[in-house]
Structures are given as C-alpha cells and as structure tokens.
Amino acid sequence: FRKSTIINISRFDFLPGIAKQYTNNTFASKFTVKFKGEPGEDAGGVKREFLELFVREMKEQKYLIQKGETFSFNPHFEKLSFWSEIFQRFGACIAHIITQKMQVDFQFPIGLYKHLLHSTHCNLTDLEHEDKELAMSLRQMIQLSKEDIEAMDLYFVTEVNGVEVEMIENGKTKKVTKENIEEYANTKADYHLRKQVLEAFESFKTGFEQVTKAEILNYFSFEEMNILVGGMQTISFEFLRTHTKFRTNVATEKYFLKYVQEASTETIKALLKFITGSTSIPFKGKWEISVHPAEGSHKLPSSATCANSINIPNYPTYEWFKGKMDTALEYGSEYFGFYQNQLT
C-alpha cells in the first residue's frame with residue numbers, strides 16, 4: 001500500500017466527486033475520510049461510513065439493483081459522461097475492502113464474480129442466484145416437447161426496452177429447437193447476468209485490478225467471498241447479547257437488550273451503523289460493542305464509531321429510552337457530530 005491519502009468529499013455530490021477528484025490508485029492507499037462541513041475526525045468510523053455510503057449511493061443512483069440480499073448491476077443505468085469512472089472507483093473500493101479485511105453491505109453478483117475470475121460465461125445454475133423465477137421458467141421450457149418448442153417460434157434474441165437484441169452473433173436467424181434448447185437457456189442466463197452489463201463489469205474490473213489482482217478471488221468460493229465482503233447476513237439477538245459489554249446500570253442494560261430483542265432487521269442495521277459506522281459484522285475475528293453511561297436524561301444517545309461504543313443517559317422508563325433511541329437512529333446515523341448539537 002502506498003502513502004496514506006485524505007479523501008475530502010461532500011455527501012451531496014458523492015459519486016461525481018469520487019469519479020472526478022480521485023483515481024483508482026486512491027483506494028490502493030491507506031486513506032482516511034473527511035466529510036465536508038462535518039466535524040467528525042476519522043479514527044476508523046468515518047471511513048466505514050464512507051464505504052457504506054458508496055454502496056448506498058450506487059443503489060440510490062440506480063447503478064446497482066438490490067433484491068433482498070442479492071445485488072446486480074443495472075443494465076439501464078444513466079450513462080453520464082463519467083459513468084465508467086464511477087464503476088472503476090467502485091471496483092477499486094471493493095478491492096480495498098477485501099485487502100483491508102473490512103465489511104460493507106454488498107454482495108457480489110454471480111456474473112461479476114465469474115467475470116473477474118475467468119471472464120467465462122454464466123449458465124442456468126448461476127441464474128438461480130439472482131433470478132430464481134426466470135431460472136425456473138427456463139428449466140420448465142427445457143422439459144417441453146419438440147412440437148411445443150417449435151410452436152413457440154423462438155430465436156436467440158431477447159427484448160430490451162421494447163427493442164429486439166441478439167444474444168449471440170446472428171441470433172435472429174438461429175431458431176430454438178429441442179436440440180439446442182439447453183444452449184438457449186444458458187445463453188439467456190449469460191446475457192441476463194453478464195453480457196448486458198459487460199461494459200460496467202469491465203470498468204469495475206479495471207478499478208479492482210489497480211488495487212489487487214482478481215486472482216485473490218480464487219482463494220474463496222462465491223459464498224465465502226460474499227461473507228468476506230458483506231459480513232454476517234443474519235444477526236441474532238443472542239449474538240448481539242453475548243458481544244455487547246455493558247458499563248452502565250442494570251436498568252439501561254435491561255432497556256438496551258429489550259430494544260434489540262424487539263427490533264426489526266432494518267432497525268438492527270441502523271443500530272449497528274450508529275454504533276460502528278457499518279451495517280455489517282465481520283464473520284471472523286474479535287468483534288464487540290460497548291455501552292457506556294452518559295449525563296442528561298433529556299439528551300440523545302451518542303456514539304464513537306471508531307471504538308464501537310454507544311453512550312446512553314440514564315432514562316427513567318423504557319418508553320423514554322425507546323423514543324430517544326429511535327430518534328438517534330433516525331437522525332444520527334449520518335453527518336458525524338451534527339445531530340448531537342441539533343437534537344439534544
């Protein structure tokens with residue numbers, strides 16, 4: 001890794017700022033982050049927030065599509081003049097996360113994983129990772145009789161935004177038959193997972209390989225790589241209970257555990273982000289959060305993401321505790337140092 005860099009970025013112009021002001025090599029260094037207009041100093045937590053924000057902005061700006069825990073690249077993203085640089089920086093960012101053994105709320109699309117490794121085609125089995133419904137439909141099609149397949153009058157083409165597109169060279173003249181129906185199904189899977197977003201994959205790979213070689217993925221299966229990058233996807237109450245150290249009174253401990261036990265998955269992610277700067281938990285290594293007392297029952301909880309710690313005043317009732325915690329999570333999971341001054 002090269003000399004450390006400071007990334008000074010605005011939340012309100014995030015992706016254009018990353019694409020235009022920094023290079024792929026920025027992510028090949030041990031960098032720290034400063035959000036413009038915010039007092040937070042980066043001792044680890046601000047950087048984790050930056051990495052999470054990168055993924056979230058990729059989703060909100062429609063470069064990434066997320067369905068449940070599955071991510072895919074959007075084939076219909078808006079092609080701004082610097083779109084390739086955005087995907088390059090994102091590839092470099094994910095490579096940085098892997099090499100630095102960090103976690104972020106991102107799962108590799110199966111097509112991207114295979115493209116980084118071998119630039120090989122995807123198949124029907126791969127499609128089941130991202131679109132089980134389409135995969136099932138194609139498998140059912142394979143079982144049809146010769147007459148039924150011929151009656152469908154299909155060719156090696158697909159439709160994109162109302163326009164017919166060839167999935168292979170001369171696809172418009174290659175008719176689907178009983179003999180080549182499996183080839184058709186695998187071709188459609190490869191087009192869906194890889195070929196229609198190949199330009200974005202290539203840009204991602206360019207950035208990724210300026211930080212580390214794609215061969216690093218050879219050491220992990222697809223499932224292992226997603227755990228390595230995305231951390232634990234299922235976070236149980238028991239896990240959080242045993243990995244939380246309390247330095248507060250008994251009442252606050254009781255309220256905190258009750259809050260966690262009743263929380264939805266999204267609230268748990270917001271709580272983790274508030275305390276650690278990340279919604280993810282590493283699947284290996286030591287990890288814990290700590291709960292400390294604070295003054296002023298009229299104030300909101302505060303956190304030190306660099307230390308994975310939360311400071312909670314001594315609230316008189318659970319309802320009071322829950323109200324203050326809900327407000328802190330709603331307004332205080334971003335903009336370091338801002339909410340403490342504005343919402344207390």
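This is a short walk through the cores, one helix, one sheet and the cysteines of the structure above. Keep in mind that we're looking at a predicted model.

Okay, let's start with the inside. The largest nonpolar core takes in 74 residues. If you want to know who has the most contacts inside that core, click on F50, F54, I94, F106, F108 and F208. Helix α3, residues 83–99, is the top contributor, giving 10 residues to this core. And there's another core lying apart from it, with 24 residues, including I268, L272, L300 and Y318. As a general point, nonpolar side chains in soluble globular proteins tend to be buried together.

Now zoom in on F50. Which residues does F50 touch, leaving out those up to four places away in sequence? The list goes I7, I9, F14, I18, F27, F31, V33 and F35.

Back to α3 for a second. With its 17 residues, α3 spans 25 Å from first C-alpha to last, close to the expected 24 Å. Is α3 mostly covered or mostly uncovered? Mostly covered: 15 of the 17 residues are buried. Right after the helix comes K101, and its phi is positive, near 55°.

Next, the sheet. We've got an open sheet of four strands, in the order β7-β8-β10-β9, and the pairing is mixed. On the edges sit β7 (244–246) and β9 (302–304), each pairing on one side only. On average, neighbouring strands here are turned by 25° against each other, ignoring direction. Looking at β7 and β8, where β8 is residues 289–294, the two run parallel and are joined by three bridges. To find your way along that pair, use K245, which stands opposite S290 in β8. Then there's helix α12, residues 250–262, which lies across β7, β8 and β10 (309–313). Against β7, α12 runs at about 155°.

Last thing, cysteines. How many disulfides does the model have? The count comes to zero. Take C306: its nearest cysteine sulfur belongs to C93 and is 20 Å away. A disulfide here needs the two sulfur atoms within 2.5 Å, and C306 is in none. How about burial? C122 has a relative accessible area of 4%, so we call it buried, the cut-off being under 20%. C306 comes out at 45% relative accessibility, so that one is partly exposed, since exposed would take over 50%.

That's my tour, so over to you for comments.

Note on methods:
Residues numbered from 1 in each chain as written. Predicted model: local features only at pLDDT ≥ 70, side-chain atom pairs only at ≥ 80, totals over all residues. Heavy atoms only, no water. Core = buried A, V, L, I, M, F, W, Y, C linked by side-chain atoms within 4.5 Å. Buried < 20%, exposed > 50% of the residue type's maximum accessible area, 1.4 Å probe, protein only. Contact = heavy atoms within 4.5 Å. Pairing = 2+ DSSP bridges. Axes fitted to C-alpha atoms, helices over the stretch in contact; angles between N-to-C directions. Expected span 1.5 Å × (residues − 1).
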